[in-house]
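Got your viewer open and a cursor ready? Let's walk through this model one selection at a time.

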Amino acid sequence: MEAMIPLATDLFNYDPIQILPNGKVLLDYGPMHIFIHVFEDGRPLLNLAREGALFAIKLLEELAGFLPVIKNKAERLEALGDYPEVVRRMIEATKRMQEPDLTPLSAVAGTISELVAENLFKKGGTKIIIDNGGDIAIRLREGEVARVGIKTEIDAISPSYLVTIDSKMGIEGVATSGLGGRSFTKGIASAVTVLSERASVADASATVIGNHTNVEDPNIIRSFAEEIYPDTDIKGELVTLKVGRLSREKVVEALENGLSKAKSMFEKGWIRGALIAIKEEVIWTDSLNQYLTKL
């Protein structure tokens, strides 16, 4: 549910931007591990991708100055405050969720992806994909297609499903959350993937749906968030550490809890769909039937 944002690294001593052989750029900076894909009709635009990496660094450094703000509960904040755009977007996305325990940090990765993609798309490229640790922003011009793999476990080596997105779908955000990821979760989902019109909203939504995959069982080990990370933004909240052996009835109950929340979000127009996986059991909203391919 939250990400740690350190102070800036000294760029004179360390270049966090790497050009990869496949024509993509990797930014490895503080908590950010971002793959930046910028292509013009199949041709990589490396200079523009590098600009995107530098812009992401700028966004993170802006956020570092607003940690006291973004660690507050979103419902207490106003998105129209005197904040930089990245902070406003995070507040806006998380306030939309109407969850009392959510902070803007629940949308940090997706918001950075969203703003980087948005900034680059104004400058060129026919296909832009910003993958910030699984929180992905996509921008496509007519005729372009993006294929995104969906894992049913956060740490899986390869995806189990594929979703194909084109420029006419209105899907510009794909985010994944779950047990074992970079952020805390209250639920037991091994992975929750959400498709939305915005990456910031997809990120916050995946967190919320993951939190709702919650059941009570003695084989689920939980702890207060501050016992794991003292500087957490969700002090006093129980988070899941480990899930042991569960009956199939418990797994199905948790899946249905998450699916119920996902359906509610879909009906409100916040998301285009969600896939939820727990211990090899997978369920998704009917709205994803047209997008998903089993690998």
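Start by selecting the buried residues of α3: Val86, Val87, Arg89, Met90, Ile91, Ala93 and Thr94. Buried here means under 20% relative accessible area, with exposed being over 50% and partly exposed in between (1.4 Å probe, protein chains only). Helices (H or I, at least four residues) and strands (E, at least two) are DSSP runs, numbered from the N terminus. Before you click on, note that this is a predicted model: local features need pLDDT of at least 70, side-chain atom pairs count only at pLDDT 80 or more, and totals for chains, interfaces and linings use all residues. Residues are numbered from 1 along each chain as its sequence is written, and side-chain values use heavy atoms, with hydrogens and water left out.

**Around α3**

Now show what surrounds those side chains. The buried residues of α3 pack against α1 (46-64), α2 (67-70), α4 (108-121) and α5 (199-212), where a contact means heavy atoms within 4.5 Å. Want to check the helix with the distance tool? At 1.5 Å a residue, the twelve residues of α3 (residues 85-96) should span 16 Å, and its end C-alpha atoms are 17 Å apart, which agrees. The expected span is 1.5 Å times one less than the number of residues in the helix.

Next, pick Glu85 and Arg88. They form a salt bridge, with their closest N and O atoms 2.8 Å apart; the term covers a side-chain nitrogen of Lys or Arg within 4 Å of a carboxyl oxygen of Asp or Glu. Because these two sit three residues apart in α3, about one helical turn separates Glu85 from Arg88. Glu85 counts as partly exposed at 34% relative accessibility, and Arg88 does too, at 26%.

**Past the end of α3**

Step along to Gln98, which follows α3 and has a positive phi, near 55°. Then stop at Glu99, in the loop between α3 and α4. Is Glu99 buried or exposed? At 15% relative accessibility, Glu99 counts as buried. Show its neighbors and, leaving aside residues up to four places away in sequence, you'll find that Glu99 touches Val208, His212 and Lys261.

Now select Asp101 together with Lys186. Their side chains meet in a salt bridge, 2.4 Å from N to O. Lys186 lies in the loop between β9 (173-177) and β10 (191-196) and Asp101 in the loop between α3 and α4, so the pair ties together parts that are 85 residues apart in sequence. Both Lys186 and Asp101 are buried. While you have charged side chains on screen, add Glu85, Arg88, Arg89, Glu92, Glu114, Glu118 and Arg198: salt bridges that share partners join them into one network.

**α4 and α1**

Color α4 next. It is mostly covered, with 13 of its 14 residues buried. At 1.5 Å a residue, α4 should span 20 Å, and its end C-alpha atoms are indeed 20 Å apart.

Move to α1, which has 19 residues and reaches 27 Å from its first C-alpha to its last, close to the 27 Å expected at 1.5 Å a residue. Its buried residues include Leu48, Phe55, Ile57 and Leu63. What do the buried residues of α1 pack against? The list is β1 (17-19), β2 (25-29), β3 (32-40), α2, α3 and α4.

Stay on α1 for Arg50, whose side chain meets that of Asp15 in a salt bridge (3.7 Å, N to O). This pair links distant parts of the chain: Arg50 is in α1 and Asp15 in the segment before β1, 35 residues apart. Arg50 is partly exposed, with a relative accessible area of 32%, and Asp15 is partly exposed at 45%. If you'd like to hunt for others, a search of the whole structure finds 16 salt bridges.

**Last stops**

Jump to the hairpin of β13 and β14. Strand β13 (residues 273-278) and strand β14 (residues 281-284) pair in the antiparallel sense over four bridges; pairing requires DSSP to find at least two bridges between the strands. Select Ile276, and its bridge partner in β14 is Ile283. The hairpin has two residues between the strands, and Lys279 takes a positive phi near 45° there.

Finish at Lys263, in helix α7 (residues 248-267). Lys263 is partly exposed, with a relative accessible area of 40%. Draw a line from its C-alpha to that of Leu20, 243 residues apart along the chain, and the separation is 39 Å.
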